[in-house]
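Here's a quick briefing to read alongside the coordinates. Have the viewer open and follow along.

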Amino acid sequence: DYGAMPLTVLSALWEPRIPRIILKTLSPELAPEHERIDRGHQALAALSTDGVHQRVPDTGHYIQRDQPQVVIDAVEKVVREARAAGN
């Protein structure tokens with residue numbers, strides 16, 4: 001339990017251009033793993049009442065490389081919120 005600590009969990013959208021139903025058909029062994037990871041990210045964000053789970057399109061494992069501005073914005077938001085709360 002992180003209380004109201006500002007928290008943002010960024011998740012890559014693994015197959016952003018392939019609908020999940022097609023992914024399950026093309027690669028059924030991977031779809032459950034992606035869903036398990038997504039549920040884990042949601043659970044992590046839920047540890048804080050101020051937690052946010054943000055799915056980032058057009059990214060792979062290295063979000064900081066694929067969408068650096070999204071990462072910068074998330075870090076700045078968390079820092080800003082923490083400072084405002086006096087943490």
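Which backbone oxygen does the side chain of Ser 48 reach at 2.4 Å? That of Met 5. Keep in mind that this is a predicted model, so the distances here are computed from predicted coordinates.

**The overall picture**
- The chain has four helices and two strands, and going from the N terminus the order is β-α-α-β-α-α.
- Of its 87 residues, 23% count as buried.
- Take the contacts with a separation of 6 or more: 66% of them come from residues 24 or more positions apart.
- About 6,000 Å² of the chain is exposed, with carbon and sulfur atoms supplying 58% of that.

**The strand pair**
- Strand S1 covers residues 7–12, and five of its six residues are buried, so the rest of the structure largely encloses it.
- S1 pairs with strand S2 (residues 51–56) in the parallel sense, over six bridges.
- To find the register, look for Val 9, which stands opposite His 53 in S2.

**Around Ser 48**
- Ser 48 sits in the loop between helix H2 (31–45) and S2.
- Is Ser 48 buried or exposed? Its relative accessibility is 5%, under the 20% cut-off, so Ser 48 counts as buried.
- Besides neighbours within four places in sequence, Ser 48 is in contact with Tyr 2, Gly 3, Ala 4, Met 5 and Leu 7.
- Met 5 thus turns up twice for Ser 48: in that contact list, and as the owner of the backbone oxygen at 2.4 Å from the serine's side chain.

**The nonpolar patch**
- Tyr 2 and Met 5 join Leu 44 and Leu 47 in a nonpolar patch on the surface.
- Together these four residues have about 320 Å² of accessible area.
- Tyr 2 belongs to the segment before S1, and at 40% relative accessibility this tyrosine counts as partly exposed.
- Tyr 2 is also one of the contacts of Ser 48, a residue that counts as buried.

**Around Val 52**
- Val 52 is in strand S2 and counts as partly exposed, at 32% relative accessibility.
- Which residues does Val 52 contact, leaving aside its neighbours within four places in sequence? They are Leu 7, Thr 8, Val 9, Ala 45 and Lys 77.
- Leu 7 appears here as a contact of Val 52, and Leu 7 is also in contact with Ser 48.
- From Val 52 to His 41 is eleven residues in sequence and 9.6 Å in space, C-alpha to C-alpha.

Conventions: Residues are numbered from 1 along each chain as its sequence is written. This is a predicted model: local features need pLDDT of at least 70, side-chain atom pairs count only at pLDDT 80 or more; totals for chains, interfaces and linings use all residues. Side-chain values use heavy atoms; hydrogens and water are left out. Buried means under 20% relative accessible area, exposed over 50%, partly exposed in between (1.4 Å probe, protein chains only). Two strands pair if DSSP finds at least two bridges between them. Contact means heavy atoms within 4.5 Å. Accessible areas come from the Shrake-Rupley method with a 1.4 Å probe; for residues, only the protein chains shown count as cover. A polar contact is a pair of N or O atoms within 3.5 Å; within protein, one must be able to donate a hydrogen and the other to accept it, and residues adjacent in sequence count only if both atoms are side-chain atoms. Patches are made of residues with over 30% relative accessible area and no salt bridge: like charges are joined within 9 Å, nonpolar side chains (Val, Leu, Ile, Met, Phe, Trp, Tyr) within 5 Å. A salt bridge is a side-chain nitrogen of Lys or Arg within 4 Å of a carboxyl oxygen of Asp or Glu.
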